[in-house]
Amino acid sequence: MGYVLVVQQEFTDRGDAKPLGAGLTVGVFVTFICSIFDYIKVNNAPLVALVDPVYDCLYRLAQPDALINEEEVDCLVVQLHRVGEQLEQTNSQRMNQLFYLLRDGFLLQEDLSSMTRLLLLEILEFRASGWTLTDTAHKYYYSEVVD
């Protein structure tokens with residue numbers, strides 16, 4: 001568990017890291033903790049002790065300063081695709097709060113790139129559709145445009 005604490009400290013102190021290293025550290029840590037949450041089950045249910053740390057990571061990635069970083073937004077969206085439904089089943093109130101942050105970021109934050117806006121719109125629609133996308137939405141977000 002000592003390794004987890006070291007990585008968690010790096011995640012917390014990421015503002016002190018070099019820009020390239022910061023994105024890598026954040027992505028590695030969030031992916032790591034979400035992977036543990038996704039794969040370790042007790043009586044076929046997620047490990048309850050990880051619910052709050054996973055939410056804390058995702059909340060951090062939903063803050064305005066993180067939303068301007070496409071790599072962090074991509075990491076957030078990928079992990080919500082992966083564990084969002086499980087997290088919502090364990091604590092729907094925290095998921096609502098997380099999605100309020102994402103919605104507000106999408107609507108109110110002016111300095112977001114078009115890719116970040118697309119990622120946020122896709123994850124908002126993904127959750128609104130019951131953690132799945134319709135075929136039409138999937139084609140819209142993931143099909144390449146061919147002329």
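1. Let's start with the side chains of Arg94 and Asp56, which meet in a salt bridge at 2.8 Å, N to O. Arg94 lies in helix H6 and Asp56 in helix H3, so this pair ties together parts that are 38 residues apart in sequence. Please keep in mind that this is a predicted model. Asp56 has 43% relative accessibility and therefore counts as partly exposed. Arg94 counts as buried because its relative accessibility is 16%, under the 20% cut-off.

2. Which other residue does Arg94 form a salt bridge with? That partner is Asp52, and the closest N and O atoms of this pair are 2.8 Å apart. Here too the link joins distant parts of the chain: Arg94 belongs to helix H6 (residues 92–108) and Asp52 to helix H3 (residues 51–61), with their positions 42 residues apart. Asp52 is partly exposed, its relative accessible area being 42%.

3. You may also like to look at Asp104 and Arg103, whose salt bridge has its closest N and O atoms 3.0 Å apart. Asp104 counts as partly exposed, at 32% relative accessibility. Arg103 is partly exposed as well, with a relative accessible area of 35%. Returning to the earlier residues, salt bridges with shared partners join Asp52, Asp56 and Arg94 into one network. How many salt bridges does a search of the whole structure find? It finds six, among them the Arg94 pairs with Asp52 and with Asp56. As a general reminder, side chains of opposite charge can pair when their charged atoms come close.

4. Next, the cysteines. The structure holds zero disulfides. Cys34 takes part in none, and the nearest cysteine sulfur, which belongs to Cys57, is 6.6 Å away. Why does this pair not count as a disulfide? The two sulfur atoms would have to be within 2.5 Å, and the sulfur of Cys57 is 6.6 Å from that of Cys34, so the pair does not qualify. Seen from the other side, Cys57 is also in no disulfide, and its nearest cysteine sulfur is that of Cys34. Are these cysteines buried or exposed? Cys34 is buried, with a relative accessible area of 0%, and Cys57 is buried at 4%.

5. Gln86 deserves a look of its own. This residue is found in helix H5, which covers residues 70–90. Gln86 counts as buried because its relative accessibility is 17%, under the 20% limit. Which side chain does Gln86 join through a polar contact? The partner is Lys41, and the contact between the two side chains is 2.5 Å. If neighbours within four places in sequence are left aside, Gln86 is in contact with Phe37, Asp38, Lys41 and Pro46. Lys41 therefore appears both in that contact list and as the polar partner of Gln86.

6. Finally, a brief point on Pro64, which is found in helix H4 (residues 64–67). Its relative accessibility is 47%, so Pro64 counts as partly exposed. How far apart in space are Pro64 and Gln109, C-alpha to C-alpha? The distance is 7.3 Å, while in sequence the two residues are 45 residues apart.

Notes. Residues are numbered from 1 along each chain as its sequence is written. This is a predicted model: local features need pLDDT of at least 70, side-chain atom pairs count only at pLDDT 80 or more; totals for chains, interfaces and linings use all residues. Side-chain values use heavy atoms; hydrogens and water are left out. Helices (H or I, at least four residues) and strands (E, at least two) are DSSP runs, numbered from the N terminus. Buried means under 20% relative accessible area, exposed over 50%, partly exposed in between (1.4 Å probe, protein chains only). A polar contact is a pair of N or O atoms within 3.5 Å; within protein, one must be able to donate a hydrogen and the other to accept it, and residues adjacent in sequence count only if both atoms are side-chain atoms. Contact means heavy atoms within 4.5 Å. A salt bridge is a side-chain nitrogen of Lys or Arg within 4 Å of a carboxyl oxygen of Asp or Glu.
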